[in-house]
Amino acid sequence: MEKREYRTIARSKTGDEVELIFRPYIKGDFETAKILYQSWSNPQNLRYNEIPRGMEIDEDGNIKNGIQLVESIVDYGFPSEDGRYWMVIEAEEDGKRKVVGNCWFGNRSWDEDYAKNESWGFGYNIIRSDDKDLDNEEYTIEELCDVFANGVKCDKNWGKGLATAIINFILEQARQEGVKDVISGADILNYGSLKPMFKNGMRYYRLDREDKDPDMIIHLKDDNASAVGEQMETEWQEFQKEMKEIIVKNSEFYKERDKARFNKAVKRQKEWRDYKNSVKQKK
Ligand SMILES: CC(C)(COP(=O)(O)OP(=O)(O)OC[C@H]1O[C@@H](n2cnc3c(N)ncnc32)[C@H](O)[C@@H]1OP(=O)(O)O)[C@@H](O)C(=O)NCCC(=O)NCCS
C-alpha cells in the first residue's frame, strides 16, 4: 500500500451511492477516538463485538478513560510492526468529512496456522445512528439487558452497502499485496456481517476455537471465483441453515458464552460510570 488515503464507492441495493474515504489514524485525534468509543460501547454494537474498557488505572495510578484507551490502542504505523493497517473510514456530507466507521486489516500474526504474509485477517465497525454523545448521555444497564434478551436492532446506517464495500476494498488491497488467503469471522448470530463477507466471495471455513464463531475464508490465488447471483443466494441459505444447526448442537455453550459476555459488558459499563463519577467528585 503506497498511498495513505484511498477512496471507494459503496452502493445500496436501490442504487444509492456514497463515496468512502479510508485514512490512517492521527495520533492525538481524540475527536475520532470519542466517536469510536461511543460506537464500540453502544450496547447495540458490543453485543457482537469486542467490549471496550471504560477506564483503566496503570501501576502508577494514572487513569485512562475509554476514549483515551481507544486513542492509545490504535496503531499509527502504516503498516504496524506486525504488518497491519488501521484506518478510519469517512464520508463527505455538505462538504464536511464525517467518520462512518473504522477497520484494520493485514497479517494474522497471532495465528500459528499461517506463515507471515501468507494470510490476512480484518475487522471493521460501522457507526450507528443511535450512538449516544457521552458528554450528555449514558448507555444504560436496561439497554444492555434489552439487546442480550431481544437481539440487535436494525439501524438506518445499515443496508447502504458500506460493509460490502469495506470488505471489497480490503480484499483488493490483499490481492495487490500478493496475499494467499484472507480469513475473518463474525458472531454466529451476526448475519448482517457474515452476508457482506459472503457477497465478496468468502465462504465458511471453520469454527473459531475459542468462541465457536464462524471464520470465513477466501483463497485469492484460486481461479475458481465463488458463485454470484442466484447461486450465491442458494449457498447463503445453506450456510445459514448450517449455522443454525451448529447453534442448536452447541446451545449450552452459546448460552454460557453470552452470559459471560453480558457480565463483561455490565462490568465495562460500570468502569465508564466510575470514571464519570471520579471526574464529578474532583469538580
Ligand atoms: C455489519 C453491519 C454493520 C452491516 O453493514 P451494512 O453496511 O448494513 O452491510 P451491507 O449493506 O453491505 O450488507 C448487508 C447484507 O446483509 C443482509 N442482512 C442484514 N441483516 C441480516 C440478517 N439478520 N439476516 C440475513 N441477512 C441480513 C442484508 O440484507 C445485506 O445483504 P443484501 O445486500 O444481499 O440484501 C451490521 O450488521 C452491524 O453493525 N452489525 C453489528 C456490528 C458488527 O457486526 N460489526 C462488524 C463486526 S465483524
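Here a trainee and a mentor talk through a predicted model and the labels given to some of its residues.

Trainee: Let's start at the edge. What makes Asp-94 count as exposed?

Mentor: Count its neighbours: Asp-94 has 5 C-beta neighbours inside 10 Å. A residue is exposed if that count is 12 or fewer, so Asp-94 earns the label.

Trainee: Where does Asp-94 sit, and what is notable about its phi?

Mentor: Asp-94 is in the loop between β5 and β6 (96-107). Its phi is near 50°, a positive value in a residue other than glycine.

Trainee: Lys-212 has a positive phi as well, near 55°. Why is Lys-212 called partly exposed?

Mentor: Lys-212 has 15 other C-beta atoms within 10 Å. Buried takes 20 or more and exposed takes 12 or fewer, so with 15 Lys-212 lands in between. You'll find Lys-212 in the loop between β9 (203-207) and β10.

Trainee: And Val-266, over in helix α8: why is Val-266 partly exposed?

Mentor: Its count is 14 C-beta neighbours inside 10 Å, so Val-266 also falls between the 12 and 20 cut-offs. Beyond neighbours within four places in sequence, Val-266 is in contact with Ile-141 and Leu-144.

Trainee: What about Pro-43 and Val-266: how far apart are they in space?

Mentor: They are 9.9 Å apart, C-alpha to C-alpha, though 223 residues separate them in sequence. Contact calls for C-beta atoms within 7 Å, but the 9.9 Å is a C-alpha distance, so don't set it against that cut-off.

Trainee: Now α5. How do you know that its length is close to what is expected?

Mentor: α5 has 15 residues and reaches 21 Å from its first C-alpha to its last. The expected span is 1.5 Å times one less than the number of residues, which also gives 21 Å for α5, so the two agree closely. Just after α5, Gly-178 takes a positive phi of about 75°.

Trainee: Which elements help surround the ligand?

Mentor: β7 (119-126), α5 and α6 each supply at least two residues of the shell. The largest share, five residues, comes from α6. Altogether 23 residues surround the ligand, and Lys-195 and Trp-158 are among the closest.

Trainee: Which α6 residues are buried, and what covers them?

Mentor: The buried ones include Leu-194, Met-197 and Phe-198. Their cover includes α5, β8 (181-185), β10 and α7 (229-249).

Trainee: One last puzzle: what makes the bond from Phe-78 to Pro-79 stand out?

Mentor: That peptide bond is cis, with omega near 5°. Pro-79 is in the loop between α3 (66-73) and β5.

Terms used
Residues numbered from 1 in each chain as written. Predicted model: local features only at pLDDT ≥ 70, side-chain atom pairs only at ≥ 80, totals over all residues. Near = placed C-beta within 6 Å. Helix = DSSP H or I, 4+ residues; strand = E, 2+ residues; numbered from the N terminus. Contact = placed C-beta atoms within 7 Å.
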